[in-house]
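Could you walk me through this model in my viewer, one selection at a time? Please tell me what to click on next and what I will find there.

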Amino acid sequence: MKVSELIEQLQKLPQDHMVIRSGYEGGVSEVSQVYETQIRLHVNEEWYYGEHEEIDEDDRDKEYPQERAWAIYIG
């Protein structure tokens, strides 16, 4: 999902509602922070990992496509 798509969907919602994300084993957590990061695309195939992987700026591994992304911190 791109930022413009997220904004479009969020604009349709009541502005005083919480933003949450489902937990790994159950329950939900509130979004508490948003930050820009670098990710490697399509590196994980196991169901229990997210499809992409966050990387450090110093990581120069060119084996996988890389992209800038906005991460949402839960906690």
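Start by selecting Ala71, which sits in strand β4, the stretch covering residues 66-74. Keep in mind as you click that this is a predicted model. Is Ala71 buried or exposed? Its relative accessibility is 15%, and because the cut-off for buried is under 20%, Ala71 counts as buried.

Now show the neighbours of Ala71. Leaving out residues up to four places away in sequence, Ala71 touches Gln33, Val34, Tyr35 and Thr37. Pick Gln33 from that group and draw a distance between the two C-alpha atoms: you should get 8.3 Å, although Ala71 and Gln33 are 38 residues apart along the chain.

**Next stop: a loop**

Select Asn44, found in the loop that runs between β2 (28-40) and β3 (53-55). Asn44 has a relative accessibility of 18%, so this loop residue also counts as buried.

Turn on the side chain of Asn44 and look for two partners. What does it reach on Gly50? The answer is the backbone oxygen of Gly50, at 3.0 Å. The other partner is Glu53: here the side chain of Asn44 makes a polar contact with the side chain of Glu53, at 2.8 Å. If you widen the selection to everything Asn44 touches, again skipping residues up to four places away in sequence, you will light up Tyr49, Gly50, Glu51, His52 and Glu53.

**Over to the helix**

Move to Leu6, in helix α1, which spans residues 3-10. With a relative accessible area of 33%, Leu6 is partly exposed. Keep Leu6 selected and add Met1, Leu10, Leu13 and Val19; together these residues make a nonpolar surface patch of about 470 Å². A surface display coloured by residue is a handy way to view this patch.

**Zoom out**

Finally, clear your selections and show the protein chain as a cartoon. How many helices and strands are there? The chain has 1 helix and 4 strands, and from the N terminus on the order is α-β-β-β-β.

Switch to a surface view for the last few numbers. The accessible surface of the chain comes to about 6700 Å², and carbon and sulfur atoms account for 49% of it. Of the 75 residues in the chain, 15% are buried; Ala71 and Asn44 are among them. As for contacts between residues at least 6 apart in sequence, 48% join residues at least 24 apart.

How values were computed
Residues are numbered from 1 along each chain as its sequence is written. This is a predicted model: local features need pLDDT of at least 70, side-chain atom pairs count only at pLDDT 80 or more; totals for chains, interfaces and linings use all residues. Side-chain values use heavy atoms; hydrogens and water are left out. Helices (H or I, at least four residues) and strands (E, at least two) are DSSP runs, numbered from the N terminus. Buried means under 20% relative accessible area, exposed over 50%, partly exposed in between (1.4 Å probe, protein chains only). Contact means heavy atoms within 4.5 Å. A polar contact is a pair of N or O atoms within 3.5 Å; within protein, one must be able to donate a hydrogen and the other to accept it, and residues adjacent in sequence count only if both atoms are side-chain atoms. Accessible areas come from the Shrake-Rupley method with a 1.4 Å probe; for residues, only the protein chains shown count as cover. Patches are made of residues with over 30% relative accessible area and no salt bridge: like charges are joined within 9 Å, nonpolar side chains (Val, Leu, Ile, Met, Phe, Trp, Tyr) within 5 Å. A salt bridge is a side-chain nitrogen of Lys or Arg within 4 Å of a carboxyl oxygen of Asp or Glu.
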